[in-house]
Structures are given as structure tokens and as C-alpha cells.
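Me: I'm new to this one and would like a close look at a single part of it. Could you pick a spot and walk me through what surrounds it?

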Amino acid sequence: AKKVLDTILTRLVFNLYFVTKSFDVRVTFETMNYRGKRLSHLELLKNRLMYLSTFLPNEENHGRLLMNEINNSWKEIYQNLCFDESQLSDDDYLRAHWIVYRRFNKRRKNMYIDDILEKDFSVDSSDYIKLINDKKYDEAYNYISLYIASLSKYSLYWAFVNRPQSSRLKVENDQKIWIKRLARISKSIYLRTALMVVVENK
């Protein structure tokens, strides 16, 4: 107990950040976490989408509704990716889903997160921002809503492909056997992404 107390008194350090009204707390959060403990790309994406939802006007509650959808989707995703003894990689799943949802980029392994954060969901020049600037708020809402709905849905199929014995997805036993056999061929993310699509279309 004395050792723990000594550690608290002599080694515990707090960083205090004084944020004025002109600061956006979500941008501040994203910047701080790039410099500190590394968040998964999935966690960074959630923060980015929550921030983008604040661009919607308050009159029709679009922003609040979108925030609720984001929170519910992430809850569902983590329920699907987490098991009693382990958790599937956030980043592997996000990459696999992006290949299905938008594009396959072979230039380098992590190019997908640049596509997501710096292009499709950029705070400066994405299609979403263009819709906001044009005051097409219903389309802007759907731009993010459709994406997170897909991200949530496919997480169940990804969990099944990687952990068929533990997944909540209901699949006939002979189909489960074939998916397990195919998944054993390789741990390649591309094979498993293809199997995820097969399962979705079963």
C-alpha cells in the first residue's frame, strides 16, 4: 500500500487544458489523441462523425438524431466484435468494410483511413460538407446515416467469418462448416472480406 501511495504522490501527473468557447471540443479531442494514447481508427471515425453531425441545423433535430444513430451503431459494432475472451481488431474490420462500401486501394495498407477521414468525411472538402454548404440537409443526413447503418450491419457478418462458433448470427450448420473451411485457407483480409459479402448475401 505504501508503494502505491508513493507512486501516486511522486509520479502521477495531470495535464490541464483550458478550452475557451472559440475551441471546438471534438477537434481538440481528436488532436490530443493523435499526440497521446493512440486510438483505433474506428474510435477516431466515431469522433469525426459526431463532429460532422454538429453541422446540421437544430430546427429539425437532424444533428441530435444523427448523434443517436452514431452512438447506437457503435454500440452494436462493439457488441459484434467483442467476445468474452477477446476482441476482433477494430481497424481490420473498418478496412474490410471500406473495401465493400466504397473502394479498394492497393497503394498502401492504411490508405483506407486517409480515404475516410481526409476525403469522404473530411471537415473541409467532402461531399458531406458540400451538401451542408448547399443547404441540402436531408441529403447530408443520409450521407452519414447510410454509411453508419452499413458499418453496423456488416460487423455481424465480419464477426461470423472470423469467429463463426461465437457469432450471434443464425446460419445453417452446413453453411457454417463451409465458411469455417474457407476461412482456414488464409487469414488474408481480402479473402475474409469476400466471405463477409458471401455471408451477407446468403
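**A close look at V199 and its helix**

Reply: Let's start with V199, which sits in helix α10. Keep in mind that this is a predicted model. V199 has a relative accessibility of 3%, so it counts as buried, the cut-off being under 20%.

What does V199 touch, once its neighbours within four places in sequence are set aside? The list is Y157, F160, V161, L169 and I179. Take Y157 from that list: 42 residues separate it from V199 along the sequence, yet their C-alpha atoms are 6.3 Å apart in space.

Now step back to the helix itself. Helix α10 covers residues 189-200, and its axis comes within 10 Å of the axis of helix α5, residues 90-101. The two cross at roughly 60 degrees, and the crossing is right-handed. On the α5 side, the contact is made by D92, Y93, R95, A96, H97, I99 and V100. On the α10 side, I189, Y190, T193, M196 and V197 do the job. Sort the residues of this contact by type and you get 8 nonpolar, 2 polar and 2 charged.

Two of those α5 residues turn up again if you move over to S150, which lies in helix α8. Leaving out residues up to four places away in sequence, S150 touches Y93, H97 and Y101. How much of S150 is accessible? Its relative accessible area is 13%, so S150 is buried as well, again by the cut-off of under 20%.

Helix α8 is worth following a little further. It spans residues 137-162 and packs against helix α4, residues 62-81, with the axes 8 Å apart and an angle of about 10 degrees between them. Angles under 35 degrees count as roughly parallel, so α4 and α8 fit that description. From α4, the contact draws on H62, L65, L66, E69, I70, S73, W74, E76, I77, N80 and L81. From α8 come Y137, D138, Y141, I144, S145, I148, L151, S152, S155, L156, W158 and A159. By type, the residues of this contact split into 14 nonpolar, 6 polar and 3 charged.

Two other helices show how burial plays out elsewhere. Helix α3, residues 41-53, has 11 of its 13 residues buried, so the rest of the structure largely encloses it. Its buried residues are H41, L42, L44, L45, N47, R48, L49, M50, Y51, L52 and S53. From first C-alpha to last, α3 reaches 18 Å, close to the 18 Å expected at 1.5 Å a residue. Helix α6, residues 111-120, is mostly covered too, with 7 of its 10 residues buried. Those are M111, Y112, I113, D115, I116, L117 and D120.

Finally, here's the wider setting for V199. The chain has 10 helices and 0 strands, so if you read the elements from the N terminus on, you just get α-α-α-α-α-α-α-α-α-α. Of the 202 residues in the chain, 41% are buried. And among the contacts with a separation of 6 or more, 65% are between residues 24 or more positions apart. The pair of V199 and Y157, at 42 residues apart in sequence, is a handy example to look for in the structure.

Methods: Residues numbered from 1 in each chain as written. Predicted model: local features only at pLDDT ≥ 70, side-chain atom pairs only at ≥ 80, totals over all residues. Heavy atoms only, no water. Helix = DSSP H or I, 4+ residues; strand = E, 2+ residues; numbered from the N terminus. Expected span 1.5 Å × (residues − 1). Buried < 20%, exposed > 50% of the residue type's maximum accessible area, 1.4 Å probe, protein only. Axes fitted to C-alpha atoms, helices over the stretch in contact; angles between N-to-C directions. Left-handed = near helix turned anticlockwise from the far one by under 90°. Contact = heavy atoms within 4.5 Å. Nonpolar A, V, L, I, M, F, W, Y, C, P; charged D, E, K, R; others polar. Parallel < 35°, antiparallel > 145°, perpendicular 65-115°, else oblique.
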